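The exercises below are intended for a reader meeting this structure for the first time. Please attempt each task before reading its solution.

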Amino acid sequence: MENVQASPAIIRRRRERWFYVGMSIAVVFTVFAGFSRTYYLRPYFTAAPLIPLLHLHGLIFTSWLVLFVTQTTLVAAHRIDLHRRLGILGGVIAVLMVVVGTTTAVIRAKLGVSPVPGVPILSFLVIPLGDMFVFSILVGAGFYFRLRRPDVHKRLMLLATISILAAAIARLPFAFIQAYGPLAFFGLTDALVVFVVLYDLVTLRRIHRVSALVGLLIIASHPLRMMLGGTHAWLSFATWLTHWVT
(Lines give C-alpha, C1' and ligand atoms only; values in the text may rest on other atoms or scores of the structure.)
Protein backbone atom coordinates (compact mmCIF):
# COMPACT_ATOMS: atom_id res chain seq x y z
CA MET A 1 0.00 0.00 0.00
CA GLU A 2 2.86 2.42 0.82
CA ASN A 3 4.42 1.89 -2.60
CA VAL A 4 1.11 2.57 -4.31
CA GLN A 5 0.66 5.79 -2.32
CA ALA A 6 4.21 6.88 -3.05
CA SER A 7 3.90 6.32 -6.79
CA PRO A 8 2.23 9.68 -7.65
CA ALA A 9 4.93 11.56 -5.71
CA ILE A 10 7.68 9.61 -7.45
CA ILE A 11 6.12 10.22 -10.84
CA ARG A 12 5.77 13.94 -10.08
CA ARG A 13 9.42 14.23 -9.06
CA ARG A 14 10.52 12.39 -12.19
CA ARG A 15 8.44 14.65 -14.39
CA GLU A 16 9.80 17.68 -12.58
CA ARG A 17 13.41 16.62 -13.17
CA TRP A 18 12.85 16.12 -16.87
CA PHE A 19 10.91 19.35 -17.15
CA TYR A 20 13.98 21.25 -15.99
CA VAL A 21 16.24 19.24 -18.30
CA GLY A 22 13.90 19.97 -21.21
CA MET A 23 13.74 23.67 -20.38
CA SER A 24 17.53 23.91 -20.12
CA ILE A 25 17.91 22.29 -23.54
CA ALA A 26 15.27 24.62 -25.01
CA VAL A 27 17.17 27.60 -23.61
CA VAL A 28 20.41 26.37 -25.21
CA PHE A 29 18.75 25.91 -28.61
CA THR A 30 17.20 29.38 -28.37
CA VAL A 31 20.55 31.00 -27.60
CA PHE A 32 22.35 29.04 -30.31
CA ALA A 33 19.72 29.93 -32.91
CA GLY A 34 19.73 33.57 -31.89
CA PHE A 35 23.49 34.04 -31.86
CA SER A 36 24.41 31.55 -34.61
CA ARG A 37 24.90 34.18 -37.28
CA THR A 38 26.68 36.71 -35.08
CA TYR A 39 28.75 34.40 -32.90
CA TYR A 40 28.59 30.60 -33.00
CA LEU A 41 28.56 30.26 -36.81
CA ARG A 42 29.87 33.73 -37.55
CA PRO A 43 32.61 32.63 -40.03
CA TYR A 44 29.88 31.29 -42.33
CA PHE A 45 28.09 34.65 -42.45
CA THR A 46 30.82 37.29 -42.25
CA ALA A 47 34.58 37.63 -42.24
CA ALA A 48 34.48 40.64 -39.90
CA PRO A 49 36.31 39.80 -36.65
CA LEU A 50 34.90 40.31 -33.18
CA ILE A 51 36.68 42.34 -30.55
CA PRO A 52 38.20 40.24 -27.71
CA LEU A 53 35.62 41.52 -25.22
CA LEU A 54 32.79 40.01 -27.27
CA HIS A 55 34.62 36.68 -27.43
CA LEU A 56 35.00 36.77 -23.66
CA HIS A 57 31.33 37.69 -23.30
CA GLY A 58 30.29 34.79 -25.52
CA LEU A 59 32.56 32.32 -23.72
CA ILE A 60 31.29 33.22 -20.25
CA PHE A 61 27.61 33.23 -21.18
CA THR A 62 28.00 29.95 -23.07
CA SER A 63 29.71 28.46 -20.03
CA TRP A 64 26.66 29.36 -17.94
CA LEU A 65 24.37 27.58 -20.39
CA VAL A 66 26.55 24.46 -20.51
CA LEU A 67 26.68 24.39 -16.73
CA PHE A 68 22.92 24.96 -16.51
CA VAL A 69 22.21 21.92 -18.70
CA THR A 70 24.78 19.91 -16.76
CA GLN A 71 23.26 20.84 -13.42
CA THR A 72 19.70 19.97 -14.40
CA THR A 73 20.90 16.67 -15.88
CA LEU A 74 22.81 15.82 -12.71
CA VAL A 75 19.68 16.37 -10.63
CA ALA A 76 17.69 14.16 -12.99
CA ALA A 77 20.40 11.50 -12.60
CA HIS A 78 20.26 11.80 -8.77
CA ARG A 79 23.84 13.15 -8.58
CA ILE A 80 23.00 15.87 -6.07
CA ASP A 81 26.47 15.66 -4.53
CA LEU A 82 28.20 16.62 -7.78
CA HIS A 83 25.47 19.15 -8.54
CA ARG A 84 26.24 21.00 -5.30
CA ARG A 85 30.00 20.96 -5.86
CA LEU A 86 29.56 22.41 -9.34
CA GLY A 87 27.34 25.08 -7.82
CA ILE A 88 30.47 26.88 -6.64
CA LEU A 89 31.63 27.14 -10.24
CA GLY A 90 28.19 28.44 -11.14
CA GLY A 91 28.57 31.25 -8.62
CA VAL A 92 31.88 32.30 -10.15
CA ILE A 93 30.48 32.23 -13.68
CA ALA A 94 27.42 34.22 -12.60
CA VAL A 95 29.59 36.99 -11.15
CA LEU A 96 31.69 37.08 -14.32
CA MET A 97 28.52 37.25 -16.42
CA VAL A 98 27.31 40.33 -14.60
CA VAL A 99 30.68 42.07 -14.73
CA VAL A 100 31.44 41.24 -18.37
CA GLY A 101 27.83 41.62 -19.50
CA THR A 102 27.54 45.08 -17.98
CA THR A 103 30.92 46.17 -19.34
CA THR A 104 30.08 44.88 -22.82
CA ALA A 105 26.73 46.67 -22.88
CA VAL A 106 28.27 49.99 -21.85
CA ILE A 107 31.18 49.76 -24.30
CA ARG A 108 28.87 48.86 -27.20
CA ALA A 109 26.69 51.82 -26.26
CA LYS A 110 29.78 54.05 -26.27
CA LEU A 111 30.60 52.75 -29.75
CA GLY A 112 27.05 53.56 -30.89
CA VAL A 113 26.02 49.96 -31.54
CA SER A 114 22.26 49.36 -31.15
CA PRO A 115 20.86 45.94 -32.11
CA VAL A 116 17.34 47.34 -32.51
CA PRO A 117 16.88 49.73 -35.46
CA GLY A 118 15.14 52.93 -34.52
CA VAL A 119 15.89 52.66 -30.79
CA PRO A 120 18.43 55.27 -29.59
CA ILE A 121 21.50 53.55 -28.21
CA LEU A 122 21.41 55.27 -24.83
CA SER A 123 17.77 54.31 -24.41
CA PHE A 124 18.52 50.75 -25.49
CA LEU A 125 21.22 50.47 -22.84
CA VAL A 126 18.50 50.07 -20.20
CA ILE A 127 17.63 46.65 -21.68
CA PRO A 128 20.93 44.78 -21.18
CA LEU A 129 21.65 46.54 -17.90
CA GLY A 130 18.16 45.62 -16.74
CA ASP A 131 18.87 42.02 -17.70
CA MET A 132 21.99 42.01 -15.56
CA PHE A 133 20.17 43.63 -12.65
CA VAL A 134 17.30 41.10 -12.65
CA PHE A 135 19.68 38.19 -13.25
CA SER A 136 21.83 39.27 -10.29
CA ILE A 137 18.86 39.39 -7.94
CA LEU A 138 17.52 36.00 -9.00
CA VAL A 139 20.84 34.17 -9.03
CA GLY A 140 21.81 35.67 -5.68
CA ALA A 141 18.53 34.51 -4.18
CA GLY A 142 18.96 31.14 -5.88
CA PHE A 143 22.31 30.56 -4.20
CA TYR A 144 20.91 31.66 -0.87
CA PHE A 145 18.21 28.99 -1.06
CA ARG A 146 20.33 26.24 -2.67
CA LEU A 147 20.53 24.20 0.55
CA ARG A 148 17.50 25.58 2.38
CA ARG A 149 14.74 25.21 -0.22
CA PRO A 150 15.52 23.15 -3.34
CA ASP A 151 12.06 23.90 -4.79
CA VAL A 152 12.78 27.64 -4.53
CA HIS A 153 16.37 27.28 -5.74
CA LYS A 154 15.59 25.48 -8.98
CA ARG A 155 12.81 27.87 -9.95
CA LEU A 156 15.01 30.87 -9.28
CA MET A 157 17.85 29.49 -11.39
CA LEU A 158 15.56 28.59 -14.28
CA LEU A 159 13.79 31.94 -14.24
CA ALA A 160 17.13 33.77 -13.89
CA THR A 161 18.32 32.08 -17.07
CA ILE A 162 15.06 32.84 -18.88
CA SER A 163 15.36 36.48 -17.80
CA ILE A 164 18.45 36.99 -19.99
CA LEU A 165 17.04 35.35 -23.13
CA ALA A 166 15.70 38.54 -24.72
CA ALA A 167 19.01 39.24 -26.47
CA ALA A 168 19.01 35.83 -28.14
CA ILE A 169 15.31 35.97 -29.02
CA ALA A 170 15.76 39.44 -30.55
CA ARG A 171 18.28 37.93 -32.99
CA LEU A 172 16.13 35.03 -34.15
CA PRO A 173 15.62 35.28 -37.94
CA PHE A 174 11.89 35.90 -37.87
CA ALA A 175 10.37 38.92 -39.58
CA PHE A 176 7.81 39.64 -36.86
CA ILE A 177 10.57 39.94 -34.24
CA GLN A 178 12.41 42.46 -36.36
CA ALA A 179 9.16 44.29 -37.08
CA TYR A 180 7.90 44.57 -33.51
CA GLY A 181 11.24 44.82 -31.70
CA PRO A 182 11.01 44.89 -27.88
CA LEU A 183 7.32 44.01 -27.97
CA ALA A 184 8.20 40.74 -29.71
CA PHE A 185 11.37 39.65 -27.93
CA PHE A 186 10.13 40.67 -24.50
CA GLY A 187 6.78 39.05 -25.25
CA LEU A 188 8.40 35.73 -26.17
CA THR A 189 10.56 35.87 -23.06
CA ASP A 190 7.43 36.45 -21.00
CA ALA A 191 5.79 33.48 -22.72
CA LEU A 192 8.53 31.23 -21.33
CA VAL A 193 7.88 32.64 -17.86
CA VAL A 194 4.18 31.90 -18.26
CA PHE A 195 5.07 28.36 -19.35
CA VAL A 196 6.82 27.82 -16.01
CA VAL A 197 3.71 29.09 -14.22
CA LEU A 198 1.49 26.75 -16.24
CA TYR A 199 3.78 23.86 -15.38
CA ASP A 200 3.19 24.59 -11.69
CA LEU A 201 -0.56 24.68 -12.24
CA VAL A 202 -0.54 21.32 -14.01
CA THR A 203 1.78 19.50 -11.63
CA LEU A 204 1.13 21.19 -8.28
CA ARG A 205 -2.46 22.30 -8.90
CA ARG A 206 -1.31 25.72 -7.75
CA ILE A 207 1.22 28.38 -8.69
CA HIS A 208 4.41 28.19 -6.66
CA ARG A 209 5.01 31.47 -4.85
CA VAL A 210 8.44 31.88 -6.45
CA SER A 211 7.06 31.36 -9.95
CA ALA A 212 4.38 33.96 -9.28
CA LEU A 213 6.56 36.62 -7.65
CA VAL A 214 9.59 36.20 -9.90
CA GLY A 215 7.41 35.89 -12.97
CA LEU A 216 5.78 39.21 -12.12
CA LEU A 217 9.21 40.77 -11.54
CA ILE A 218 10.52 39.69 -14.93
CA ILE A 219 7.37 40.58 -16.86
CA ALA A 220 6.88 43.93 -15.11
CA SER A 221 10.53 44.86 -15.61
CA HIS A 222 10.14 44.87 -19.39
CA PRO A 223 7.68 47.77 -19.82
CA LEU A 224 9.29 49.56 -16.89
CA ARG A 225 12.63 49.47 -18.68
CA MET A 226 11.13 50.83 -21.86
CA MET A 227 9.53 53.70 -19.94
CA LEU A 228 12.70 54.39 -17.96
CA GLY A 229 14.88 54.34 -21.08
CA GLY A 230 13.22 57.46 -22.47
CA THR A 231 13.45 59.59 -19.36
CA HIS A 232 15.86 62.48 -18.95
CA ALA A 233 17.23 60.92 -15.76
CA TRP A 234 18.15 57.68 -17.53
CA LEU A 235 19.64 59.41 -20.56
CA SER A 236 21.78 61.55 -18.29
CA PHE A 237 22.92 58.50 -16.35
CA ALA A 238 23.63 56.52 -19.54
CA THR A 239 25.60 59.45 -20.97
CA TRP A 240 27.69 59.66 -17.81
CA LEU A 241 28.21 55.91 -17.82
CA THR A 242 29.43 55.75 -21.41
CA HIS A 243 31.73 58.74 -20.88
CA TRP A 244 33.14 57.16 -17.71
CA VAL A 245 34.22 54.06 -19.64
CA THR A 246 37.55 54.60 -21.32
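Four exercises on this predicted model follow, each with a worked solution.

**Exercise 1. A charged residue without a partner**

Task: Determine where Arg-42 lies, whether Arg-42 is buried or exposed, and what surrounds this residue.

Solution.
Step 1. Locate the residue: Arg-42 belongs to the loop that runs between helix H1 (2–40) and helix H2 (52–76).
Step 2. Assess its surroundings: Arg-42 is buried and yet has no salt bridge.
Step 3. Search for a candidate partner. The nearest side chain of opposite charge is that of Asp-131, 19 Å away. A salt bridge requires a nitrogen–oxygen separation within 4 Å, so a partner at 19 Å does not qualify.
Step 4. Look for another polar partner: the side chain of Arg-42 reaches the backbone oxygen of Ala-48 at 2.8 Å.
Step 5. List the contacts. Once neighbours within four places in sequence are set aside, Arg-42 touches Ser-36, Arg-37, Ala-48, Pro-49 and Leu-50.

**Exercise 2. The salt bridges**

Task: State how many salt bridges the structure holds, then examine three of them with regard to distance and burial.

Solution.
Step 1. Recall the principle: side chains of opposite charge can pair when their charged atoms come close.
Step 2. Give the total: the structure contains four salt bridges.
Step 3. Consider Asp-131, which pairs with Arg-225; their closest N and O atoms are 2.7 Å apart. Asp-131 is in helix H5 and Arg-225 in helix H10 (residues 209–229), so this pair ties together parts that are 94 residues apart in sequence. Both Asp-131 and Arg-225 are buried.
Step 4. Consider Arg-79 and Asp-81, whose closest N and O atoms are 3.2 Å apart in their salt bridge. Asp-81 is partly exposed because its relative accessibility is 38%, and Arg-79 is partly exposed as well, with a relative accessible area of 37%.
Step 5. Consider Arg-149 and Asp-151, joined by a salt bridge with closest N and O atoms 2.9 Å apart. Arg-149 has a relative accessible area of 39% and is partly exposed; Asp-151, at 24% relative accessibility, also counts as partly exposed.

**Exercise 3. Positive phi angles**

Task: For His-78 and Arg-205, report phi, the place in the chain and the exposure.

Solution.
Step 1. Read phi for His-78: the angle is near 65°, a positive value in a residue other than glycine.
Step 2. Place His-78: this residue sits in the loop between H2 and H3. Its relative accessible area is 54%, and therefore His-78 is exposed.
Step 3. Read phi for Arg-205: here too phi is near 65°, positive although the residue is not glycine.
Step 4. Place Arg-205: the loop between helix H9 (182–204) and H10 holds this residue. Arg-205 counts as exposed because its relative accessibility is 67%.

**Exercise 4. The largest pocket**

Task: Describe the largest pocket by its volume, its lining and the helices that supply that lining.

Solution.
Step 1. State the volume: the largest pocket encloses about 1,100 Å³ of space.
Step 2. Count the lining: 45 residues line the largest pocket, and Phe-35, His-57, Arg-108, Ala-167 and Arg-171 lie nearest its centre.
Step 3. Identify the helices. At least two lining residues each come from H1, H2, helix H3 (80–110), helix H4 (121–124), helix H5 (126–144), helix H7 (166–170) and helix H8 (175–180).
Step 4. Find the main contributor: H1 provides the largest share of the lining, seven residues.

Terms used
Residues are numbered from 1 along each chain as its sequence is written. This is a predicted model: local features need pLDDT of at least 70, side-chain atom pairs count only at pLDDT 80 or more; totals for chains, interfaces and linings use all residues. Side-chain values use heavy atoms; hydrogens and water are left out. Helices (H or I, at least four residues) and strands (E, at least two) are DSSP runs, numbered from the N terminus. Buried means under 20% relative accessible area, exposed over 50%, partly exposed in between (1.4 Å probe, protein chains only). Lys and Arg count as positive and Asp and Glu as negative; His and the chain ends are not counted. A polar contact is a pair of N or O atoms within 3.5 Å; within protein, one must be able to donate a hydrogen and the other to accept it, and residues adjacent in sequence count only if both atoms are side-chain atoms. Contact means heavy atoms within 4.5 Å. On a 1 Å grid over the protein atoms alone, a cavity is a set of points where a 1.4 Å probe fits but cannot get out, and a pocket is an open set with protein on both sides within 12 Å along at least five of seven lines; lining residues have an atom within 4 Å of a point. Grid points are joined across faces, edges and corners, and a volume is the space filled by probe spheres set on the points.
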